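Let us walk through this structure from its broad division down to single residues, looking along the way at how helices pack against one another and at a few local details of the backbone.

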Amino acid sequence: MGRAAVLTGPKTLEIQRFPLRGIRPDEILVKVEACGICGTDIHCYNSDPFGLAPVVLGHEGTGEVMQVGSEVKMDSVGKPVQVGDKIVTSILENSQECMIAKYNPLKSNLCDDLKVYGLLPDEPDNHFNGYFGEYLIIRPGSSFFVVNDMSLELRCLIEPAAVVCHAYQRAKDVGMRLNFRARVVVQGCGPIGLLMIAVLRTAGVNNIIAIDGNPDRLKLAAELGADETLNYKDYSGIDDLAAKVESLTKGVGAHAGFQVTGVPQAFANLFKCIRRGGGICEVGHFVDGGECSINPHQDICRKEITVTGSWVYNSFEYPNAYHFLQRAERIGLPVASLVTHKFPLDRIQDAFDVNLRQEGVKVVVEA
Ligand SMILES: [Zn+2]
């Protein structure tokens, strides 16, 4: 038997006990250690816009291998896997029906049928499909990684770190300038925005401007590598704020901007902070927040701005995220301090409440 927190309906989490079935030769049994709460979990909890229930949530998780099926020999990068190893999981094998996943594996993040543990429908014979439970059964075709030499906090941050590593790569792929001397704006300092700043700093960008409305988060932004922190509430409007960014960027605006809020107007505003020939990477709108208006002449055409979106990650980006977090810590960025709260599984409701009140940064549930 094992416990799991089941989201049984809107805003209803129940700790339930389930029998744990034996694993098959191609599966792995994991004893869950901890899992961060993600914005996606909050949208599920509020049933807005996702209505998945019943479900055991939790996809930013990690645990220890308890049992390895006889057919399983190694993880997704060929490291041997054995009992006692610490692991993280990424995307489950993509649907065979999806043309993108089939013919353009480098774009498999755009598969219509992307699956991760913690966002899978409950099954009659196995309820351990998410990290907000005591166990997780890894099924065949899943990508997973042995990460023994990493603290619990960093293991919980690998998933959001993969999101920002992907965004950084997208920006580079479309030609955005992100060299040492680039001046870069990160708009929004939630967990993803803060990790975005840490990625840019770790990659050597020497001029990072963070924008947010929360002084505590701006303080963390500075610790994670932002050179300038701007509280937009100190400015009368976007023109005033953009003028400040201009004054910090030799009067021309930033080379690049990462948009990491879920506010559509914030996306429109970011154009005002970008110089001619610069670029914007949109990372924040992982749910539909509605529309905003931009001025195609002023904002895009005349400035010849490059705009790109970034959507989750591919499983092969996990090793990259792992190395980012390791290096970030080694150069003294306090990435682990993004985990500001820890609650035991029995108190998962308190953990969600902290997150709903937007306190702290990354709230973790320990099994
Ligand atoms: Zn997430």
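In this predicted model, a convenient place to begin is Glu 159, which, once its neighbours within four places in sequence are left aside, is in contact with His 59 and Glu 60. Glu 159 belongs to helix α3, and it is buried because 25 other C-beta atoms lie within 10 Å, where 20 or more suffice for that class. A separation of 78 residues in sequence lies between Glu 159 and Gly 237, and their C-alpha atoms are 34 Å apart in space.

The wider setting is a protein chain divided into two parts, with domain 1 covering 2–149 + 335–366 and domain 2 covering 160–309. Taken over C-alpha atoms, the centres of domain 1 and domain 2 are separated by 30 Å. Where the two meet, nine residues of domain 1 are in contact with eight residues of domain 2. On the side of domain 1 that touches domain 2, helix α1 (residues 39–45) gives the most, with three residues, and the residues of that side divide into four nonpolar, three polar and two charged.

We turn next to helix packing. Two packed helices are described by the angle between their axes and the distance between the axes. For helix α3 (residues 152–173) and helix α4 (residues 191–202), the axes come within 9 Å and cross at roughly 55 degrees, which means that α3 is oblique to α4. This crossing of α3 and α4 is right-handed. On the α3 side the contact is made by Pro 160, Ala 161, Val 163, Val 164, Cys 165, Ala 167 and Tyr 168, while α4 brings Pro 191, Ile 192, Leu 195, Met 196 and Val 199. Sorted by class, the contact of α3 with α4 has twelve nonpolar residues, with no polar and no charged residues.

Helix α3 also packs with helix α9 (residues 318–330), at an angle of about 115 degrees and with the axes 8 Å apart, and α3 is therefore roughly perpendicular to α9. The crossing of α3 and α9 is right-handed. Here Leu 154, Leu 157, Ile 158, Ala 161, Ala 162 and Cys 165 in α3 meet Tyr 318, Asn 320, Ala 321, Tyr 322, Phe 324 and Leu 325 in α9. By class, this contact of α3 with α9 has eleven nonpolar residues and one polar residue, and no charged ones. Ala 161 and Cys 165 of α3 take part in the contact with α4 and also in the contact with α9.

What, then, of the pair α4 and α9? Their axes lie 10 Å apart and the helices pack at an angle of about 75 degrees, so α4 is roughly perpendicular to α9. Ala 198, Val 199 and Thr 202 in α4 meet Phe 324, Arg 327 and Ala 328 in α9, and the contact of α4 with α9 has four nonpolar residues, one polar and one charged.

Some residues pair across long stretches of the chain. Leu 356, found in helix α10 (residues 348–356), is partly exposed because it has 14 C-beta neighbours inside 10 Å; its C-alpha atom is separated by 9.9 Å from that of Asn 46, 310 residues apart along the chain. Arg 347, in the loop between β14 (339–344) and α10, likewise counts as partly exposed, with 15 C-beta neighbours inside 10 Å. The C-alpha atoms of Arg 347 and Ile 15 are separated by 9.4 Å, although these residues are 332 residues apart along the chain.

Finally, the backbone itself has some details to examine. The peptide bond from Asp 48 to Pro 49 is cis, with omega near 0 degrees, and Pro 49 has its place in the loop between α1 and β4 (60–68). Pro 54 is found in the loop between α1 and β4 as well, and a cis peptide bond with omega about -5 degrees joins Ala 53 and Pro 54.

Lys 11, in the loop between β1 (2–9) and β2 (12–18), has a phi near 55 degrees, a positive value in a residue other than glycine, and Lys 11 counts as exposed because it has 12 C-beta neighbours inside 10 Å. Lys 250, in the loop between α6 (238–247) and β11 (254–259), has a positive phi of about 55 degrees although it is not a glycine, and Lys 250 is exposed, with 10 other C-beta atoms within 10 Å.

Methods:
Residues are numbered from 1 along each chain as its sequence is written. This is a predicted model: local features need pLDDT of at least 70, side-chain atom pairs count only at pLDDT 80 or more; totals for chains, interfaces and linings use all residues. Axes are lines fitted to C-alpha atoms, for helices over the stretch in contact, and angles run from 0 to 180 degrees between N-to-C directions. Helices (H or I, at least four residues) and strands (E, at least two) are DSSP runs, numbered from the N terminus. Angles under 35 degrees count as roughly parallel, over 145 as roughly antiparallel, 65 to 115 as roughly perpendicular and the rest as oblique. A crossing is left-handed if the near helix is turned anticlockwise from the far one by less than a right angle, and right-handed if clockwise. Two residues are in contact if their C-beta atoms, placed from the backbone, lie within 7 Å. Ala, Val, Leu, Ile, Met, Phe, Trp, Tyr, Cys and Pro count as nonpolar, Asp, Glu, Lys and Arg as charged, and the others, Gly among them, as polar. Domain bounds come from an automatic or database domain assignment.
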